[in-house]
Amino acid sequence: MEVLKKVEKALEKDLCDHCLGRLFAQLGHGVTNEERGKALRIVHAMMETTEEKRENVPEEAGTCETCENLFDELNKFAELVSEELNKFEFEDFLVGSRIDPEIEEREEKLWTELNLNTAEQIKSEINREVGKKIQEMIDKEVDLEKPDIKAIIDTRFDSIEIEISPLFIYGRYKKLDRNIPQTRWPCKRCRGKGCEKCDGTGKMYETSVEEIIGDPLVKAFSGDDFTLHGMGREDIDAKMLGDGRPFVLEIKNPKKRYKDLEKSEEKINKSDAVKVSSLRVTEREKVIEIKQARSDKSYKVKMGMKEAVDRTKFKKVLDELRCKDISQKTPSRVSHRRSDKVRKRRIKEIGLLSLDNKEAILKITSEAGTYIKEFIHGDDGRTQPNLSDELSTRCEVKELDVLKIHYPEGCDQDEKVKRN
Ligand SMILES: [Zn+2]
Ligand SMILES: [Zn+2]
């Protein structure tokens with residue numbers, strides 16, 4: 001048989017049981033390569049023609065011509081890795097490796113020589129076998145898909161490199177200040193280096209929602225940096241009220257993972273500008289989920305009018321705009337960074353909260369992506385219909401607050417979270 005011939009040829013080589021078994025790794029599951037290698041030697045001996053040969057199962061080579069006995073070092077690798085891993089907090093891990101290229105070349109040559117398509121790479125076996133040993137040593141699981149931490153062994157230098165997966169924290173924030181942006185905003189002139197214009201800070205604004213939330217958290221989890229992923233964003237001069245805007249804070253390179261989030265929440269909430277709630281650890285997928293969510297939003301709008309409008313007329317105009325689609329060309333204030341196109345958005349609810357001479361307060365609920373300021377002032381006719389035209393007087397937004405983001409219920413939880 002074809003395979004037996006290949007086994008016979010392989011047995012002529014000076015190989016260790018691992019490297020022998022690994023050549024036929026695709027044949028028969030549930031055994032290690034080492035066990036498979038041993039078994040091949042036994043079976044081969046059993047099929048010998050003379051009794052003497054049948055009794056003396058050939059032993060593995062003194063020095064393996066493929067790996068030069070790299071597998072004798074498995075325990076040492078496992079110890080090196082666990083020692084390194086012990087410096088971090090994590091739930092599960094993965095072992096990777098960099099193998100001497102000469103070893104990899106030798107094994108590939110052997111595959112060609114024996115015309116094999118059943119072999120496994122030495123790297124995979126090293127990773128798996130070291131992983132098994134560490135699993136026992138530190139009582140943590142290997143996770144092939146989404147490990148918290150990855151240890152890469154360089155087998156030539158016995159060195160370990162650590163890669164830590166980011167930590168994702170979900171929550172909601174309120175913004176009570178009309179002077180701070182959602183995310184860090186580098187100075188346009190120096191691009192973050194610090195110059196006269198920005199007083200050496202490198203920033204256009206002293207702080208941001210991102211920094212107020214991120215600074216205490218990155219410290220608590222001993223991370224290197226952070227990014228705030230918000231479910232949309234409000235304008236700098238708009239407040240974010242109600243139960244807040246969903247966000248995920250991504251902490252890069254967190255050396256710790258088990259910190260009391262309530263304590264961090266307390267620290268963040270000492271700020272007058274930003275308040276957070278329902279902080280919890282989540283998974284990377286949550287970032288995509290909140291980035292793709294298209295939620296309706298409710299706003300409180302304080303607006304001024306050039307001429308006073310009578311209450312009855314005002315209410316009638318609002319009645320006509322309720323449940324209407326409006327067309328919005330990309331606003332002139334953002335057209336330099338967004339493609340110019342027409343969007344249709346629905347005004348789902350609009351009502352008058354108060355009217356006092358040339359000032360009115362409205363509550364508006366609209367579809368995701370509606371430009372509220374443009375709907376009020378009209379943006380030189382780029383939004384149709386708009387309130388300025390309908391009221392026949394120039395209207396301007398004085399204050400804009402987001403009252404509620406209608407994020408579908410249940411989205412504050414998710415099921416497949418490993419912790420909490
Ligand atoms: Zn070997
Ligand atoms: Zn600057």
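With 18 C-beta neighbours inside 10 Å, Lys259 counts as partly exposed in this predicted model, because a buried residue needs 20 or more and an exposed one has 12 or fewer. Lys259 sits in the loop between β7 (239-252) and α9 (261-268). Leaving aside residues up to four places away in sequence, Lys259 touches Ala220, Phe221 and Ser264. Its C-alpha atom is separated by 9.9 Å from that of Glu89, and the two residues are 170 apart along the chain.

Ala10 offers a second reference point. The residue belongs to helix α1 (residues 2-11). Ala10 is buried, with 21 other C-beta atoms within 10 Å. Its contacts, not counting residues up to four places away in sequence, are Leu15, Leu20, Leu23 and Leu114. Ala10 and Lys398 are 388 residues apart in sequence, and their C-alpha atoms are 82 Å apart in space.

Confidence was examined next. The protein chain averages a pLDDT of 92, and 97% of the residues score at least 70. Residues 415-420 have a pLDDT below 50. This stretch has nine contacts in the model beyond near neighbours in sequence. Among the elements of the chain, strand β3 (residues 149-154) has the highest mean pLDDT, 98. The lowest mean, 76, belongs to helix α4 (residues 51-55).

The domain assignment of the protein chain gives domain 1 (2-164), domain 2 (167-292) and domain 3 (297-405). The centres of domain 2 and domain 3, taken over C-alpha atoms, are separated by 29 Å. Domain 2 brings 10 residues to the contact between them, and domain 3 brings six residues. On the side of domain 2 that touches domain 3, five residues are nonpolar, one is polar and four are charged.

The nonpolar cores were then considered. In soluble globular proteins, nonpolar side chains tend to be buried together. The largest nonpolar core here holds 49 residues. Ile169, Ile213, Leu249 and Val301 touch the most other members of this core. The core lies between domain 2 (167-292) and domain 3 (297-405), because both give residues to it. A second, separate core has 30 residues, including Leu23, Leu70, Phe77 and Ala78. Leu23 is also one of the residues that Ala10 touches. Back in the largest core, Val301 touches Ile361, Leu362, Ile364, Ile372, Ile376, Val397 and Leu400, not counting residues up to four places away in sequence.

One open sheet was traced strand by strand. Strands of a sheet pair through backbone hydrogen bonds, either parallel or antiparallel. Four strands form this sheet in the order β2-β1-β3-β4, and the pairing is mixed. The edge strands are β2 and β4 (159-164), each of which pairs on one side only. Strand β1 (residues 92-98) runs parallel to strand β2 (residues 141-142), and two bridges join them. In this pair, Asp92 stands opposite Glu141 in β2. Strands β1 and β3 also run parallel, joined by six bridges. Here Ser97 has Ile153 in β3 as its bridge partner. The pairing of β3 with β4 is antiparallel and has six bridges. Ile153 stands opposite Ile160 in β4. Ile153 thus appears in two pairings, with Ser97 and with Ile160.

Backbone geometry was examined last. Most residues other than glycine have a negative phi, and most peptide bonds are trans. Ser222 is not a glycine, yet its phi is positive at about 45°. The residue lies in the loop between α8 (209-220) and β6 (225-230). Ser222 is partly exposed, with 16 other C-beta atoms within 10 Å. Asn357, likewise a residue other than glycine, has a positive phi near 55°. The place of Asn357 is in the loop between β11 (342-356) and β12 (359-366). With 10 other C-beta atoms within 10 Å, Asn357 is exposed. A cis peptide bond joins Gln384 and Pro385, with omega at about -15°. Pro385 is found in the loop between β13 (383-384) and α13 (387-391).

Conventions: Residues are numbered from 1 along each chain as its sequence is written. Chains are lettered from A and ligands numbered from 1 in the order in which they are written. This is a predicted model: local features need pLDDT of at least 70, side-chain atom pairs count only at pLDDT 80 or more; totals for chains, interfaces and linings use all residues. Domain bounds come from an automatic or database domain assignment. Two residues are in contact if their C-beta atoms, placed from the backbone, lie within 7 Å. Ala, Val, Leu, Ile, Met, Phe, Trp, Tyr, Cys and Pro count as nonpolar, Asp, Glu, Lys and Arg as charged, and the others, Gly among them, as polar. A nonpolar core is a set of buried Ala, Val, Leu, Ile, Met, Phe, Trp, Tyr and Cys residues joined through C-beta atoms within 7 Å. pLDDT is the predictor's confidence in each residue, from 0 to 100. Two strands pair if DSSP finds at least two bridges between them.
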